[in-house]
Amino acid sequence: MILITGATGTVGRPLVAALAATGHPVRALTRTPRAARFPPGVESCDSAHPDLDGVTSVFVNPAALWRGERTLLDAAKAAGVTRVVTLSSSSVLSGDSHHAVANRHRELEAAAGSVAPEFVHLRPDAFAANARQWIGQVKAGDTVVGPYAQAVTAPVHEDDIAAVAARALTGALPSGETPVLTGPEALSFSEQVRILGAVLGRPLRYEEISHPAARDAMLSGPWMTEEIADSLLRYFASCVDNPTPVAPDLERILGHRGHTFEQWAADRTAEFR
């Protein structure tokens, strides 16, 4: 049995679907089991009361564990789970000791590595799905405002992260792997907005705002903290002069090139209209 945390989330839902489609038994944790609508055969489980009976592998998404993952990891160890796969972050490779996101994921990796005899830490770069932060602006007009227009990342499609996670959870990746997952293209924020506009048939453009203005805008949103906002903005600033490289790990593991940002946008045009 494979236990998936964050099963209705950006990575969790395609991961559950991928595992179910290949016949693997899946227990999906969600705060709303009755409304989750998982594929046939998938067990729904209330995330407030995770059932680890018979579980051999666990997928740990820290974003789904608001109170921390320690309780779940302790329960997994007591249940004899043999493999833990974490949704970590490429930020752990950063030399920034004050990077809140990196430090959070470093702690996750250290904790998970002590729970089971086998572990894999997935380290995605920026998600293509981060573009959803622009939905409101795109619906309101043709200008998207944000920081560091020329910051270059390599946005990765969540379906590709899920595909790698499925391999990791089923033993197709050796224990100890820490693959860095990127999309196949390095793109600036300005280029991402231009591509999104082309897919939508609109002349979208990205307008850069100042670091302080961007910080204020980020802090106005839910769940954002000053530490995370500052860490992200420092990262974006660094990506102007030091573009994120495209990593080879995803293609090596899947045997094919990952989805492009254009493909991600084309799959989600309805969300932006």
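This note concerns helix 5 and two helix packings in a predicted model.

1. Helix 5, which covers residues 158–169, has 12 residues and reaches 16 Å from its first C-alpha to its last, close to the 16 Å expected at 1.5 Å a residue. After helix 5 comes Gly-171, whose phi is positive, near 90°.

2. Helix 5 is mostly covered, with 10 of its 12 residues buried. The buried residues include the acidic side chains Glu-158 and Asp-160, and among the others are Ile-161, Val-164 and Leu-169, together with Ala-162, Ala-163, Ala-165, Ala-166 and Ala-168.

3. Helix 1 (residues 12–21) packs with helix 5 at an angle of about 50°, the axes being 8 Å apart, and helix 1 is therefore oblique to helix 5. The crossing of this pair is right-handed. From helix 1, Pro-14, Leu-15, Ala-18 and Leu-19 meet Glu-158, Asp-159, Ala-162, Ala-165, Ala-166 and Leu-169 of helix 5; by class, this contact of helix 1 with helix 5 has 8 nonpolar and 2 charged residues, and no polar ones.

4. Helix 7 (residues 211–219) and helix 8 (residues 226–241) have axes that come within 10 Å and cross at roughly 140°, so that the two helices are oblique to each other. Their crossing is right-handed. Helix 7 contributes His-211, Ala-214, Arg-215, Met-218 and Leu-219 to the contact, while helix 8 contributes Glu-226, Ala-229, Asp-230, Leu-232 and Leu-233. The residues of this contact between helix 7 and helix 8 divide into 6 nonpolar, 1 polar and 3 charged.

Key
Residues numbered from 1 in each chain as written. Predicted model: local features only at pLDDT ≥ 70, side-chain atom pairs only at ≥ 80, totals over all residues. Heavy atoms only, no water. Helix = DSSP H or I, 4+ residues; strand = E, 2+ residues; numbered from the N terminus. Expected span 1.5 Å × (residues − 1). Buried < 20%, exposed > 50% of the residue type's maximum accessible area, 1.4 Å probe, protein only. Axes fitted to C-alpha atoms, helices over the stretch in contact; angles between N-to-C directions. Parallel < 35°, antiparallel > 145°, perpendicular 65-115°, else oblique. Left-handed = near helix turned anticlockwise from the far one by under 90°. Contact = heavy atoms within 4.5 Å. Nonpolar A, V, L, I, M, F, W, Y, C, P; charged D, E, K, R; others polar.
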